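This report describes how a ligand is held by its protein and which backbone features deserve a look. The sequence and the structure come first.

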Amino acid sequence: MKIAMLSRAPNLYSHTRLKEAGLARGHEFDIINTTRCYMNIASRRPEIYYNGEKLPLYDAVIPRIGASVTFYGLAVLRQFEMMGVYPVNESVAIGRSRDKLRSLQLLARDGIGLPVTTFAHDPKQTEEVVKVAGGAPMVIKLLEGTQGIGVVLADTDRSARSVIEAFRGVNINILVQEFIKEAGGTDIRAFVIGGKVVAAMKRTGAEGDFRSNLHRGGSAAVVKISPEERSTAIRAAKSMGLNVCGVDMLRSNHGPVVMEVNSSPGLEGVEKATGKDIAGMIIDHVEKSAVPGKTRTKGRG
Ligand SMILES: Nc1ncnc2c1ncn2[C@@H]1O[C@H](COP(=O)(O)OP(=O)(O)O)[C@@H](O)[C@H]1O
Ligand SMILES: [Mg+2]
C-alpha cells in the first residue's frame, strides 16, 4: 500500500514509529509536511501539490495535524478525502474533537459521563457560571488548549471569578468545570483503535501539579481499567467518529468522566508504559480499513 502521513515533525517519536511500522509491513510510506501542501480546489479532479509536484494517489492517509495548524491541516486532509484516500481519522471527526465545547456536547448527547461543565459568553454571567459548576475549587480551560497549557485550577470562588472575567474580558472562550479532586492528579488514557481499547495507562502529574499531561512533566504507568471505563472509552471514540484516538478520563466518585478525546495521541508514553506495539496496531488497522471503495467520506461535512 501507499501510505501518506501528514506531519510537520517527522522526527517525533510517534512519527518515526509509524513510519518504521509501515515500512516493516512492506508499505510505501511518505511523510508530508502539511503546511507545505497546496491544492487545486476548483478542478473536478481534486489534486494536491507538494514541492512542485502533484502528489500520487495514496491508499491511506494518517493525519497527525498539530493543534497550531488545525485549520489548514483539515483543509489538506479534506482534499485527500475528496480524492478517495482512506483517512485514519476523518477531517470532520478531528474538527469535532479539537473544540472542547463541541466535543463535550456530543459526548453529553450520547450519555457519556462528564465532569459538570458550564460555558457562558457574557462576563456578567460569571457569578451564575461559578454557581452552576458547583463553586470552587474548579477548573477553567481554554476551548482549544492542548498539552495542559490553558488549564487553570481556581481554589476559591473569588479567584475563579477573576480568572473567568480576565479571559472573557479579552474575548477568549473558556469552559468552567467541576474539579474532580478524588482523581488525585491522576487520569486514565485509553488508547482506542478501530472501536477497541488496545492499551491503557494512568498518568500522574508532576509534584504539585493537578495536570497529568506528560508534556507538563507527568509520568505514565500501565493500568488495568474497569469494564465501565473500557466501554466509556469506546463510546466516546464512537461519539467523536474517531478510529484512532486517546480518550482521557478521570476516576470520579460517580464513575469515569471523560475530559477529552485526542485525535493525534502520542505513542511514546503509551508504548513505553505498556510495552505494546501501538504503531504496528495502527498500521494493521489501516491495512484492514483502506480497501478501495470503502472510504465513507468524500470530504463532505
Ligand atoms: N475537571 C477536572 N478535574 C480534575 N483534573 C482535571 C480536570 N480537567 C483537567 N484536569 C487535569 O488537567 C489535565 C489537562 O486537561 P485537559 O482537559 O485534558 O486539557 P489539555 O487539552 O490541555 O490536555 C488533565 O489530563 C487532568 O489531569
Ligand atoms: Mg488532555
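In this predicted model, the shell around ligand 1 divides into 7 nonpolar, 7 polar and 7 charged residues. In total, 21 residues surround the ligand, and the closest are K100, K141, G148, S212 and E260.

The shell draws on several strands. At least two of its residues come from each of β9 (138–142), β11 (174–178) and β16 (255–262). Residues of the shell are given both by domain 2 (117–179) and by domain 3 (182–284), so ligand 1 lies between these two domains.

Polar side-chain atoms of the protein approach ligand 1 at the distances listed below.

| Residue (side-chain N or O atom) | Atom of ligand 1 | Distance |
|---|---|---|
| Q177 | nitrogen | 3.1 Å |
| D187 | oxygen | 2.8 Å |
| N213 | oxygen | 2.8 Å |

Taken alone, ligand 1 exposes 550 Å², of which the protein buries 98%. The space that ligand 1 takes is the largest cavity.

How, then, is the ligand enclosed? Ligand 1 occupies the largest cavity, lies between domain 2 and domain 3 because both give residues to its shell, and has 98% of its exposed area buried by the protein.

Two backbone features in loops complete the account. The peptide bond that leads from A136 to P137 is cis, and its omega is near -5°. P137 has its place in the loop between α5 (126–132) and β9, and β9 is one of the strands that supply at least two residues of the shell around ligand 1. The other feature concerns N51, which is not a glycine and nevertheless has a positive phi of about 50°. N51 is found in the loop that runs between β4 (47–50) and β5 (53–54).

Key
Residues are numbered from 1 along each chain as its sequence is written. Chains are lettered from A and ligands numbered from 1 in the order in which they are written. This is a predicted model: local features need pLDDT of at least 70, side-chain atom pairs count only at pLDDT 80 or more; totals for chains, interfaces and linings use all residues. Side-chain values use heavy atoms; hydrogens and water are left out. A residue is near a molecule or strand if one of its heavy atoms lies within 4 Å of it. A polar contact is a pair of N or O atoms within 3.5 Å; within protein, one must be able to donate a hydrogen and the other to accept it, and residues adjacent in sequence count only if both atoms are side-chain atoms. Accessible areas come from the Shrake-Rupley method with a 1.4 Å probe; for residues, only the protein chains shown count as cover. On a 1 Å grid over the protein atoms alone, a cavity is a set of points where a 1.4 Å probe fits but cannot get out, and a pocket is an open set with protein on both sides within 12 Å along at least five of seven lines; lining residues have an atom within 4 Å of a point. A molecule sits in a cavity or pocket if more than half of its atoms lie within 2 Å of its grid points. Helices (H or I, at least four residues) and strands (E, at least two) are DSSP runs, numbered from the N terminus. Ala, Val, Leu, Ile, Met, Phe, Trp, Tyr, Cys and Pro count as nonpolar, Asp, Glu, Lys and Arg as charged, and the others, Gly among them, as polar. Domain bounds come from an automatic or database domain assignment.
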